[in-house]
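I set out to record the charged pairs and the strand arrangement of one chain. The entries follow the order in which I looked things up.

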Amino acid sequence: MTLCESSEEKASPTKLIAYRKAIDNLDNDRKWQTDTAVGKRIGLYKLSGELGKGNFSQVKTGYHELTKGT
């Protein structure tokens, strides 16, 4: 186990693999990069429907890529 790995990462390799795939997609996948450029994605969150709008902001629903939760 290296200094960067926690005991949880060592115990659950599937979580680690999914996380690394997501990070790799952020860096290399053209669709993810396009979605980020046009505002459809922020980090590991994919943005969808607008919940509300104000003078200085917008509130949108975001789904986390790994947990599929909001």
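**Entry 1: Lys31 and its partner.** I began with the accessibility of Lys31 in this predicted model. Lys31 has a relative accessibility of 52% and counts as exposed, because the cut-off for that class is over 50%. I then looked for its charged partner and found Asp35, which forms a salt bridge with Lys31. The closest N and O atoms of the two are 3.6 Å apart. Asp35 itself is buried, at 5% relative accessible area, so the bridge joins a buried acid to an exposed base.

I asked where the two residues stand in the chain. Both belong to helix H3, residues 30-37, and they are four residues apart, which means that about one helical turn separates them. In an α-helix there are 3.6 residues a turn, so residues three or four places apart point the same way.

**Entry 2: the ends of H3.** Lys31 appears again at the N-terminal end of H3, which Asp29 caps. I noted a side-chain oxygen of Asp29 at 2.9 Å from the backbone nitrogen of Lys31. Just after H3, I recorded a positive phi of about 90° for Gly39.

**Entry 3: the second charged group.** Which residues are linked in a network of salt bridges? I found Arg41, Glu65 and Lys68. The side chains of Glu65 and Arg41 meet at 3.3 Å, N to O. This pair links distant parts of the chain, with Arg41 in strand S1 (residues 41-42) and Glu65 in the segment after strand S3 (58-64), 24 residues apart. Glu65 also meets Lys68 in a salt bridge, again with an N to O distance of 3.3 Å.

I compared the exposure of the three members. Arg41 is buried, with a relative accessible area of 4%. Glu65 is partly exposed at 22%, and Lys68 is exposed at 58%. With the Asp35 and Lys31 pair, the count comes to three salt bridges.

**Entry 4: the strands.** Having met S1 through Arg41, I followed the strand pairing. S1 pairs with strand S2, residues 45-53, in the antiparallel sense over two bridges. Ile42 has Tyr45 in S2 as its bridge partner. The two strands form a hairpin with two residues between them, and Gly43 in that turn has a positive phi of about 60°.

S2 pairs in turn with S3, also antiparallel, over six bridges. A hairpin of four residues joins S2 to S3. I noted two facing positions here: Leu47 has Gly62 in S3 as its bridge partner, and Glu50 stands opposite Lys60 in S3.

How are the strands ordered in the sheet? The three strands form an open sheet in the order S1-S2-S3, with antiparallel pairing. S1 and S3 stand at the edges with a single partner strand each, so one side of each is left without a neighbour in the sheet.

**Entry 5: the whole chain.** I closed with totals. The chain holds three helices and three strands, and along the sequence they follow the pattern α-α-α-β-β-β. Of the 70 residues, 14% are buried; Asp35 and Arg41 are both in that class. Among contacts with a separation of 6 or more, 10% join residues 24 or more positions apart. The exposed area is about 5,700 Å², of which carbon and sulfur atoms supply 55%.

Technical notes:
Residues numbered from 1 in each chain as written. Predicted model: local features only at pLDDT ≥ 70, side-chain atom pairs only at ≥ 80, totals over all residues. Heavy atoms only, no water. Salt bridge = Lys/Arg side-chain N within 4 Å of Asp/Glu carboxyl O. Buried < 20%, exposed > 50% of the residue type's maximum accessible area, 1.4 Å probe, protein only. Pairing = 2+ DSSP bridges. Polar contact = N/O pair within 3.5 Å; in protein donor to acceptor, adjacent residues only side chain to side chain. Contact = heavy atoms within 4.5 Å. Areas by Shrake-Rupley, 256 points an atom, 1.4 Å probe, with all protein chains shown as cover.
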